[in-house]
Amino acid sequence: MGALTLFGYVLTVACVLLLAYWCSRLLARQWVKGSGTGNLQIIEQIQISQNQRILLLKAGDTNYLIGVSQAGIQMLAEVEGEFQAAEQPLPEPLTQLPFRDVLDKYLTPHQKKKEEDR
């Protein structure tokens with residue numbers, strides 16, 4: 001009876017972790033989609049420290065350099081010029097590829113040679 005209970009606890013923790021992972025991926029996709037629509041767009045951001053970032057923000061036709069920290073949000077400068085948001089490629093889903101193809105993609109040539117010699 002104790003082993004069954006332990007298995008149940010492990011299964012519950014695994015399900016919670018899987019659900020948390022899935023929810024974080026879903027929220028990240030929606031945040032990326034929502035950050036570039038309308039009249040306000042984050043063109044680029046740089047993490048300075050754990051709690052400090054610098055954002056290049058486009059509001060209408062004007063670009064702003066914004067500092068964000070725990071103390072608040074502060075406009076650093078108005079920036080002239082044309083900027084475009086960098087295209088962030090979506091990661092390719094690895095679940096659609098056979099395991100052998102994924103393994104070959106990440107093996108170095110040296111490792112492949114060792115494997116072929118076996």
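In which strand is the place of N63? N63 sits within strand β3, which covers residues 62-69, and the views below, all taken from a predicted model, lead from the chain as a whole to the sheet that contains this strand and then back to the residue itself.

**View 1. The whole chain, with its three helices and four strands.** Followed along the sequence, the elements come in the pattern α-β-β-β-β-α-α. Of the 118 residues in the chain, 8% are buried, and the accessible surface amounts to about 10,500 Å², with carbon and sulfur atoms accounting for 60% of that area. When contacts between residues at least 6 apart in sequence are considered, 8% of them join residues that are at least 24 apart.

**View 2. The open sheet of four strands, in the order β1-β2-β3-β4.** The pairing throughout this sheet is antiparallel. Strands β1 and β4, the latter made of residues 72-79, stand at the edges, and because each has a single partner strand, one side of each is left without a neighbour in the sheet. On average, and with direction ignored, neighbouring strands of this sheet are turned by 20° against each other.

**View 3. The pairing of β1 with β2, which runs over eight bridges.** Strand β1 spans residues 40-49 and strand β2 spans residues 52-59, and the two pair in the antiparallel sense. A hairpin of two residues provides the connection from β1 to β2. Next to this turn, S49 is found opposite Q52 of β2, while Q47 has R53 in β2 as its bridge partner.

**View 4. The pairing of β2 with β3, which runs over seven bridges.** These two strands are again antiparallel, and the hairpin that links them has two residues between the strands, with G60 taking a positive phi near 70°. Two of the bridges can be followed here: R53 is partnered by V68 in β3, and K58 is partnered by N63 in β3. R53 thus appears in this view as well as in the previous one, since its bridge to V68 in β3 is accompanied by a bridge to Q47.

**View 5. The surroundings of N63 in strand β3.** Is N63 buried or exposed? Its relative accessibility is 4%, and because a residue under 20% is classed as buried, N63 counts as buried. Leaving aside residues up to four places away in sequence, N63 touches I43, L56, L57, K58, A77, E78, V79, G81 and F83. One of these residues, K58, is also the bridge partner of N63, and another, G81, has its backbone oxygen 2.7 Å from a polar atom of the N63 side chain.

**View 6. The cysteines C15 and C23.** How many disulfides does the structure hold? The number is zero. C15 has a relative accessible area of 45% and is partly exposed, and C23, with a relative accessible area of 32%, is likewise partly exposed.

Technical notes: Residues are numbered from 1 along each chain as its sequence is written. This is a predicted model: local features need pLDDT of at least 70, side-chain atom pairs count only at pLDDT 80 or more; totals for chains, interfaces and linings use all residues. Side-chain values use heavy atoms; hydrogens and water are left out. Buried means under 20% relative accessible area, exposed over 50%, partly exposed in between (1.4 Å probe, protein chains only). Contact means heavy atoms within 4.5 Å. Accessible areas come from the Shrake-Rupley method with a 1.4 Å probe; for residues, only the protein chains shown count as cover. A polar contact is a pair of N or O atoms within 3.5 Å; within protein, one must be able to donate a hydrogen and the other to accept it, and residues adjacent in sequence count only if both atoms are side-chain atoms. A disulfide is a pair of cysteine sulfur atoms within 2.5 Å. Two strands pair if DSSP finds at least two bridges between them. Axes are lines fitted to C-alpha atoms, for helices over the stretch in contact, and angles run from 0 to 180 degrees between N-to-C directions.
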